[in-house]
Amino acid sequence: MAITFQKQKFSDTEIFKAMNPLLASWFKERFGSFTEPQRYAILNIHNQENTLITAPTGTGKTLSAFAAILNELISLSEYNQLENKVYCLYISPLRALNNDIQRNLNEPLKEITEKAKKQGKEINVRVAVRTGDTPTSERSKMLRNPPHILITTPESLAILLNSPRFVEHIKEIKWCIVDEIHALASNKRGVHLSLSLERLQRHNPKICRIGLSATIAPLREVAKFLVGMKSPTEPRDCRIVDVKFMKKLDLKVLSPLPDLINITQEQISNKLYSLLHDLIQTHKTTLVFTNTRSATERVVHNLKDKFPKHYHSGNLDAHHSSVAREKRLNVEQRLKDGKLRCVVSSTSLELGIDIGYIDLVVLLGSPKSVARALQRQGRAGHHLHDTVKGRIIVLDRDDLVECSVLLKNALEHKIDRITIPMNSLDVLAQQIYGIAIASRIHERDLFELIRKSYCYHSLPKEDFNEVIKYLAGHYSTLETRSVYAKIWFDEETGMIGRRGKLARVLYMTNLGTIPEEARIKVKIGTQRIGTLDEAFVERLRPGDVFVLGGQSYLFKYSRGNTVQVRSAAKRPPTVPSWFSEMLPLSFDLALEIQKFRKLMEEKFRAKKSKKEIIEFIHSYLYLDKNAAQAIYSYFKEQFLYSEIPHLNRLIIERFSDEHGKHAVFHTLYGRRTNDALSRVFAYLVGRLIHKDVEIVLNDNGFVLTAEKLPLDRAFTLLETNDLREIAELALERTEVLNRRFRHCATRALMILRKYKGRTKSVGRQQMNSRLLLYAVKRISENFPILKEARREILEDLMDIDSAEKVVDAIKEGKIRVKTIESDIPSPFSFNLYAQGYSDIMRMEGKLAFIQRMHEKVMERIGKG
């Protein structure tokens, strides 16, 4: 069967017939009939078939997974055959979701138990949650009396697999449900989980794996991630139940103003909050998503400030990852109870926590991917037959084009693809250590076990051997840096096992993949200036300028948890303050926007009338009259002043000002791809002129600034060299490599966060990491954890694969590069060029700056 899409839909009669009468009767009373995902999935799971279910929130996905499991457990309990062991494991990335599921399972079980009592039957199906928050007393209770359904997180599963007594309870698990699989498959938590599932499957090869997901693509790849591999080339069997577009979608892009250029900041702010207020007041409960935590707080403050009679802490609140856990739970509960009129969130409410009825979701600015837009807007209409009602409010012309194309793709069911990390050597090292602690194993069997995870199905034997050598203490020079052997490896027999009495404690207290982040102190000498997020600091290169507390500073270097800077009063910032918080535009959506750009250029080249072009915009995109007019004006100005960059044409604009020579690359490929491309070009130009090159980048392109910019020679070097090799060279001695190496070294347990009851601070970890980095480079430039740090940066943080596609298309002539000399940036460059100035100017200043450039462009077009 391998990976197949489920075509057969079962009738309600067939499903009820297969059900225990107690469960069937409860189901009929509670719901009457089954939902679409349930009609496709329940009998698959009943027959122990691996199943991936993708469907919108509120369509009964969770019950699709649990119905067949509850059915069997109730039947076993009825005949007193339920054993003291775990039958089903439910894994979720969110602890809050776990508590939700426990509530939602215990309620039907309680009702079914009462129903059974009336018939003289006894049902005793136990459900429990085991996470890092579970008290020791509860854990001891579970050990004596294990739950039949255990709800947990990926990290807690890894701990259970290494708990000698509890692992006996999970060895015969029949079902394993992975919820919110879209939030795991694209990161290292998912990679870690994929190996834990293989360890579980080794105990019981017949486990039925079930994946639950909101909108996600590519489904076949996600199914392979869920079920793993039969052989290095063939995945295990899996049925895909794809009913993700059942609900009606009522989605619109709104612009508060018809003209997004000739306005004041006050007008924008007033119109934005009036529109938001009207939307909130005309709906019962509204969920507003922003793209940053700071914007979330700002929106809540401004709504209370501008409409004090309507909003107060009792009916309006914020929910994001920096809010204390108790406060977040309080907000979720009040939302569920219908006490809140509006909640403003960044990303923390994207996943399927049960938050009750929401009738409108508003996105402020672009969510940057179709899947994320649908996940966020899917929070509206949390019930089966509700219409998903969502609005995206845009405040600038780039956002307007982006969101309009995004909405078109959402309504036409074109979902951008996630990327599953492959062959992560740091996670591999951690899991091998865990496996060796649990029991002795032959290295051949270990390699075979690891290759059964889809994330490692192509793992080269050399990389595996290198990780084993590191873990077995082959590199004795590392002992001077307190990195000791963690396993023993007998090369004659091929056997591997744990080393040291503290192995289990070290592993249990240091496992996991989520890196610890810290606030980094900023200093001039010994004088403290303020603090920055670590995610922001890793973006900085020596010479970069940023704003902190309204002042510009130039980055010199960092040591541990401290950044040293000097004043840079007259320099515009190269890295905006919000950079680390912003979500990147997906590559797939970027290409769709480029496709629209090409179609628009063809219309202008064919000298179509304004009426014809606006009619085309309306036929192609789903937007209102104001938005269509704004898009027409934007493209017309770009076409008349310069050229429209698109899928097959890369425009480079060159101009100079008092800060040096600038080259604007119109590479609309998303920030991750542009990060890779800009670093490569800056590295090549820097080598040619023997000076550092400044980079400013966003989703739509990047700007290089230097005294000289020999781009022709840089392109020649690019054509004759490998892009990935140049990118790796460009990473050397960068802050991002220093910090990401620490993350990888911590995951690989080269750096221990906790040891003998003591916790090592992030600053101390970073200091250790810097010394360790020098040490491993002396051993080999291809030391596995250093190799992984580079891979993580290029493939997970950046998007080197998409950058390679772009460069290959240039080499093959599919993308033509055209350089244009100018003294004023073109309209498509305004936001990118102004981005560097946005931190030193207040918003009004940035608007005035764009308006001034716009006037100059309009004068030029007028003269033309």
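Hi everyone, let's start at one residue: K756 counts as exposed, because its relative accessibility is 58%, where exposed means over 50% relative accessible area, buried under 20%, and partly exposed in between, using a 1.4 Å probe and protein chains only. K756 is found in the loop between β27 (754-755) and β28 (758-759). Its phi is near 50°, a positive value in a residue other than glycine.

A quick word on what you are looking at. This is a predicted model, where local features need pLDDT of at least 70 and side-chain atom pairs count only at pLDDT 80 or more, while totals for chains, interfaces and linings use all residues. Residues are numbered from 1 along each chain as its sequence is written, and side-chain values use heavy atoms, with hydrogens and water left out.

The names I use for helices and strands come from DSSP runs, numbered from the N terminus: H or I of at least four residues for a helix, E of at least two for a strand.

Now, where does E180 sit? E180 is found in the loop between β6 (175-178) and α9 (188-203). E180 has a positive phi of about 50° although it is not a glycine. Unlike our opening residue, E180 is buried, with a relative accessible area of 8%.

One more loop before the helices. P218 lies between β7 (208-213) and α10 (219-227). A cis peptide bond joins A217 and P218, with omega about -5°.

Let's move on to helix packing. Two packed helices are described by the angle between their axes and the distance between the axes. Here, axes are lines fitted to C-alpha atoms, for helices over the stretch in contact, and angles run from 0 to 180 degrees between N-to-C directions.

Take α9 and α16 to begin with. They pack at an angle of about 30°, with their axes 10 Å apart. That makes α9 roughly parallel to α16, since angles under 35 degrees count as roughly parallel, over 145 as roughly antiparallel, 65 to 115 as roughly perpendicular, and the rest as oblique. The crossing of α9 and α16 is right-handed, meaning that the near helix is turned clockwise from the far one by less than a right angle; anticlockwise would be left-handed. Residues K188, V191, H192, L195, S196 and R199 of α9 meet a set in α16 that includes D426, L428, Q431 and I435, where contact means heavy atoms within 4.5 Å. By class, this contact of α9 with α16 has 6 nonpolar, 5 polar and 3 charged residues. For those classes, Ala, Val, Leu, Ile, Met, Phe, Trp, Tyr, Cys and Pro count as nonpolar, Asp, Glu, Lys and Arg as charged, and the others, Gly among them, as polar.

Let's zoom in on Q431, which lies in helix α16 (residues 425-438). Is Q431 buried or exposed? Q431 is buried, with a relative accessible area of 1%. Leaving out residues up to four places away in sequence, Q431 touches H192, L195, S196, R199 and Y507.

Helix α16 has another partner, α18 (residues 461-471): their axes come within 10 Å and cross at roughly 55°. That makes α16 oblique to α18. The crossing of α16 and α18 is right-handed. L425, L428, A429, I432 and Y433 in α16 meet α18 residues including F464, V467 and L471. How many nonpolar, polar and charged residues does the contact of α16 with α18 have? There are 10 nonpolar, no polar and 1 charged.

Further along come α22 (residues 610-620) and α23 (residues 625-641), which pack at an angle of about 120° with their axes 10 Å apart. That makes α22 oblique to α23. α22 passes α23 in a right-handed crossing. On α22, K610, I613, I614, I617 and H618 meet K625, A628, Q629, I631 and Y632 in α23. The residues of this contact divide into 6 nonpolar, 2 polar and 2 charged. Also found in α22 is E615, which counts as partly exposed at 45% relative accessibility.

Next, a strand: I393 is in β14 (residues 388-393). I393 is buried, with a relative accessible area of 2%. Among the residues that I393 touches are L254, P256, L272 and V362.

Let's finish with helix α30 (residues 800-811). Its 12 residues should span 16 Å, and its end C-alpha atoms are 16 Å apart, which agrees; the expected span is 1.5 Å times one less than the number of residues. Buried residues in α30 include I800, A803, V807 and I810. After α30 comes G813, whose phi is positive, near 80°. Thanks for listening!
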